[in-house]
Amino acid sequence: EVTDYGTGEIKVWVAENVQTFTQDQIKAFQDANPQYAGYTVTVEPVGEGDASSNMITDVEGGADIYGFAQDQLARLVSAGALMPITGDYATAVTTNNDAGAAAAATMSDTVFAFPLTSDNGYFLYYDKSVVTDPTSLDAIVADCEKAGKNIYMEINSGWYQTAFFFATGCKLEYTTDESGAFVGSDITYASKEGVAAFKGLINLAKSPSFQNGSSIDKTTNLAAIVDGAWDADAAKAVFGDNYACSKLPSFTVDGQSYQMSGFGGFKLLGVKPQTEQGKQLVCLALAEYLSNEETQLARFNAVAWGPSNLVAQQSDAVKADAALSALAEQLAYTIPQGQYPTDYWNDAISLGDDVIADKYDNMSDDELMKVLEDFQARQQSYAQ
């Protein structure tokens with residue numbers, strides 16, 4: 001049992017809007033744990049996007065503890081910027097957080113980070129005076145058509161498009177090397193599952209009530225929209241007393257029903273590998289504290305970041321947030337977003353634009369398969 005943890009400096013990077021919050025939490029942590037008082041902890045404002053590129057560029061000069069977005073995990077592990085989380089800490093990550101967040105913090109069965117949030121993804125906002133059954137996309141579209149109202153989804157986006165393709169079981173995954181270069185892929189869009197998803201997408205776009213988009217302030221005649229928690233206030237303003245949210249609906253193709261899926265996004269907290277055991281133990285204890293149930297709840301109350309901790313998610317304050325509750329339910333059906341080539345995002349825009357332009361409306365399954373074979377071959381070519 002270590003009793004002397006030594007002395008030193010610990011550098012922490014977090015997003016600017018939680019810098020003060022994090023400083024206050026660390027002070028409380030050190031006050032409650034005098035055995036760690038030998039360390040001076042400095043909190044610097046470095047956003048989740050910049051943190052990973054800064055760490056990869058200079059691991060030694062980087063932070064000891066830092067927040068990052070889950071799509072950076074593989075690159076950070078390859079660069080040697082993340083210490084494996086083991087023992088009781090690893091058990092805590094996998095048992096105390098929702099499955100999506102735990103998966104986002106894990107690579108090759110090893111936990112590499114502490115989840116902070118489960119709050120980046122999309123779900124359904126709707127007008128409950130128009131939409132009678134939010135669990136069925138077909139029913140939502142029918143209600144919108146009947147009421148002369150619109151349903152919005154940004155189908156010419158590689159982020160939202162996966163809601164259909166992942167629903168039927170398609171894969172779209174890339175592996176990267178240490179430099180972040182794409183070296184392999186597992187893509188199964190050219191399949192019967194891909195055709196089913198593609199038909200679901202095409203069917204939605206055929207409706208006169210369908211509009212392409214994901215931003216509430218750019219909508220007209222709105223009754224339903226696939227969007228994220230960042231647009232909750234705008235949705236409340238538009239729908240008023242009829243404001244409602246739910247997980248994404250299911251869609252039906254050729255008599256089979258598929259629960260819509262998509263990408264999930266999570267914020268994680270990583271610890272850099274340390275040479276001194278005392279400092280390593282303090283960093284681990286601090287990272288665990290900054291990501292635990294109480295701190296996640298306090299962070300939600302301070303800046304509205306949605307918790308990944310299962311107990312925090314069940315708190316009255318979080319459950320009263322309809323958008324975060326719907327998102328938490330949806331994230332159980334999503335895949336944590338990894339790294340994707342820029343060309344994928346561009347190709348997805350083109351595919352969606354063609355759907356919107358009715359290019360595929362009267363195609364046979366074989367013709368649709370050919371479109372997906374071409375699409376898949378292009379995506380595979382980016383990781384040769």
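Begin by selecting K192, G194, V195, F198, K199 and I202 in helix 8, together with D365, L368, M369, V371 and L372 in helix 16; these two groups of residues meet each other. The model on display is a predicted one. By character, the residues of this contact comprise seven nonpolar, one polar and three charged.

Next, display the two helices in full: helix 8 covers residues 192-206 and helix 16 covers residues 365-381. Two measures describe such a pair, namely the angle between the axes and the distance between them. Here the angle is about 100 degrees, and the axes lie 9 Å apart. Angles of 65 to 115 degrees count as roughly perpendicular, and helix 8 and helix 16 are therefore roughly perpendicular to each other.

**The nonpolar cores**

Keep helix 8 in view and turn to the interior. In soluble globular proteins, nonpolar side chains tend to be buried together. The largest nonpolar core of this model has 54 residues, and the members that touch the most others are M153, F164, F165, Y189, F198 and L204. Helix 8 is the element that gives the most to this core, with eight residues. F198 thus deserves a second look, being named both in the contact with helix 16 and among those core members.

Now centre the view on M153. Apart from neighbours within four places in sequence, M153 is in contact with Y160, A163, F164, L204, F210, Q211, N212, G213, V226 and M260. A second core, separate from the largest, contains 46 residues; to find it, select V41, F68, V77 and V282, which are among its members.

**Helix 14**

Move to residues 322-331, which form helix 14, and highlight its buried residues: A323, L324, A326, L327, Q330 and L331. These buried residues span an arc of only 160 degrees around the axis, so they are on the same side of helix 14. An α-helix has 3.6 residues a turn, so residues three or four places apart point the same way.

**Two loop residues**

The final stops concern backbone geometry. Most residues other than glycine have a negative phi. Select D109, in the loop between strand 4 (106-107) and strand 5 (110-111). The phi of D109 is positive, near 65 degrees, and the residue is not a glycine. D109 is exposed, at a relative accessible area of 79%.

Then select A304, in the loop between helix 11 (293-303) and helix 12 (310-313). A304, also not a glycine, has a positive phi of about 65 degrees. Is A304 buried or partly exposed? With a relative accessibility of 47%, A304 counts as partly exposed.

Definitions and conventions. Residues are numbered from 1 along each chain as its sequence is written. This is a predicted model: local features need pLDDT of at least 70, side-chain atom pairs count only at pLDDT 80 or more; totals for chains, interfaces and linings use all residues. Side-chain values use heavy atoms; hydrogens and water are left out. Axes are lines fitted to C-alpha atoms, for helices over the stretch in contact, and angles run from 0 to 180 degrees between N-to-C directions. Helices (H or I, at least four residues) and strands (E, at least two) are DSSP runs, numbered from the N terminus. Angles under 35 degrees count as roughly parallel, over 145 as roughly antiparallel, 65 to 115 as roughly perpendicular and the rest as oblique. Contact means heavy atoms within 4.5 Å. Ala, Val, Leu, Ile, Met, Phe, Trp, Tyr, Cys and Pro count as nonpolar, Asp, Glu, Lys and Arg as charged, and the others, Gly among them, as polar. Buried means under 20% relative accessible area, exposed over 50%, partly exposed in between (1.4 Å probe, protein chains only). The arc is that of the directions from the helix axis to the C-beta atoms. A nonpolar core is a set of buried Ala, Val, Leu, Ile, Met, Phe, Trp, Tyr and Cys residues joined through side-chain atoms within 4.5 Å.
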